[in-house]
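Colleague: Please take a close look at one part of this model for me. I would like the aromatic rings, and how one pair of them is set up.

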Amino acid sequence: MSNEHKENIKRSVKDHWYVKYEEVGFPSIQKGWVLPVERWADFDPFILMAEDWFKRGTFSDHPHRGFQTVTYVIDGRLEHIDNAGGRDILEPGDVQYMNAGWAARHGEEGVGDDIAHTLQLWLNLPKHLKKTDTSYQNIYSEDAPTVDFTGGSVKVFSGDIAGVKGPMESVVPFTLSEISLNEGATYTHKLPETHNAFLYVLSGDMDFGENEVNLTKHGVATLSFDESGNKDMMSEFRIKANSRRSKVLIYSGTPIKEEIVPYGPFVMNTMDEIKDAYRDFHNGKFGPPAV
C-alpha cells in the first residue's frame, strides 16, 4: 500500500499518572517530577521534566553540559541570565530553549517578589552533538503561530504541526504544542508516527487517545507509537474536552537510543565524561559566572 493511501496510525495512551508534589526549602517552594529521571529510557529522547514553584535565589548561576532544556512558564515571571551577556524576562505562556552543548552557565530566577511556576524539560543530545556551541532562544507566546479550529486552537512552539512551523530552532528536532479546548470540543493532533510522545494537562478535564483515558490538571501520559514505522507518515491522537478552559501540552521526538548518565547538572554518555565536566567547570572552562 502506498503512503498516500495508508491510513494514519491511531494513538492510545500507553501509561498515565499524576504529578506528586513536595515542599522544599525556601527560596524554593514546591517541586514535582512530571517525568522522573529514572525512567529516561521510556521517555527517550526526553530525560526528565520538573515542575517548580520558586522565588529569586533558587536557580542562580549554575552549569550544564550535554543536553537541551525547554522551559515553559506557567505563572509568575522568569528572568534568564547567562554568562554570554544574555538577560531577559519571560511571562506566562512563554518558552525558553537552551542548548547547553559543551558549556552553558546561566541562572533562572523569579522576578522581584514573584513566585515563578515553570515546567523544565531536559532533552537529550546524541553523543556527536554534546560538544556543540551553547545557545539560547526565547519564544514569546504571541510569536508562536496559532491555528484555530471549531472549539479550540493549537499553538505551535516547535516542529511542523497543523500546517504551521514553530519558531524554536532546536539542535535536535522535536515538537511542542499547546492545545486549548472548550467544553465538548474534540481535536485530532497529528504527530510523526515514529515519535515518542508525552502530554501534561495544564488545566481542565479531557479524554485522550483511542482508549479514551481521562485526565485532569497535573495529569501526565505517554503515548503509544510505532518506533519501526515510517518517519514521514503522521499518526493521529484524539482529544476531547469535558470542561471549559481545558489546556494540554504535547511533546514528541525521535528516540536517540544511546545510554546516558544524568548526574547533577550534566548529561553525558559515561561516568568518566561526567567527571570531566565537573573538572572543566571547577577549572574555569565554563567561563565567568552568570550574574
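Modeller: What follows is a walk through the aromatic pairs, then the charges over rings, then the sheet. Keep in mind that this is a predicted model. The count comes to 13 aromatic pairs. One of them joins Phe266 and Phe286. Their centres lie 6.0 Å apart, and the planes meet at 45°. That makes the pair tilted, because the tilted class covers the angles that are neither under 30 degrees nor over 60. The two rings come from distant parts of the chain, 20 residues apart. Phe266 belongs to strand E27, residues 266-268. Phe286 sits in the segment after helix H2, which spans 271-282.

Both partners are buried. Phe266 has a relative accessible area of 0%. For Phe286 the value is 4%. Each counts as buried because the cut-off is under 20%. The pair does not stand alone: ring pairs link Tyr263, Phe266, Tyr278, Phe281 and Phe286 into a cluster.

Rings also meet charges. Lys31 places its charged end over the ring of Trp33, 4.8 Å from the centre. Arg65 lies over the face of Trp102, at 3.6 Å from the ring centre.

Now the sheet. Seven strands form an open sheet with antiparallel pairing, in the order E2-E23-E20-E25-E18-E15-E14. E2 (13-18) and E14 (146-149) are the edges; each has a single partner strand, so one side of each lacks a neighbour in the sheet. From one strand to the next, the twist averages 20°. Within the sheet, E20 (196-203) and E25 (246-253) run antiparallel and are joined by 7 bridges. Val201 stands opposite Val248 in E25.

Methods: Residues numbered from 1 in each chain as written. Predicted model: local features only at pLDDT ≥ 70, side-chain atom pairs only at ≥ 80, totals over all residues. Heavy atoms only, no water. Phe/Tyr/Trp six-rings, centres within 6.5 Å; stacked < 30°, edge-to-face > 60°. Helix = DSSP H or I, 4+ residues; strand = E, 2+ residues; numbered from the N terminus. Buried < 20%, exposed > 50% of the residue type's maximum accessible area, 1.4 Å probe, protein only. Lys NZ or Arg CZ within 6 Å of the ring centre and 35° of its normal. Pairing = 2+ DSSP bridges. Axes fitted to C-alpha atoms, helices over the stretch in contact; angles between N-to-C directions.
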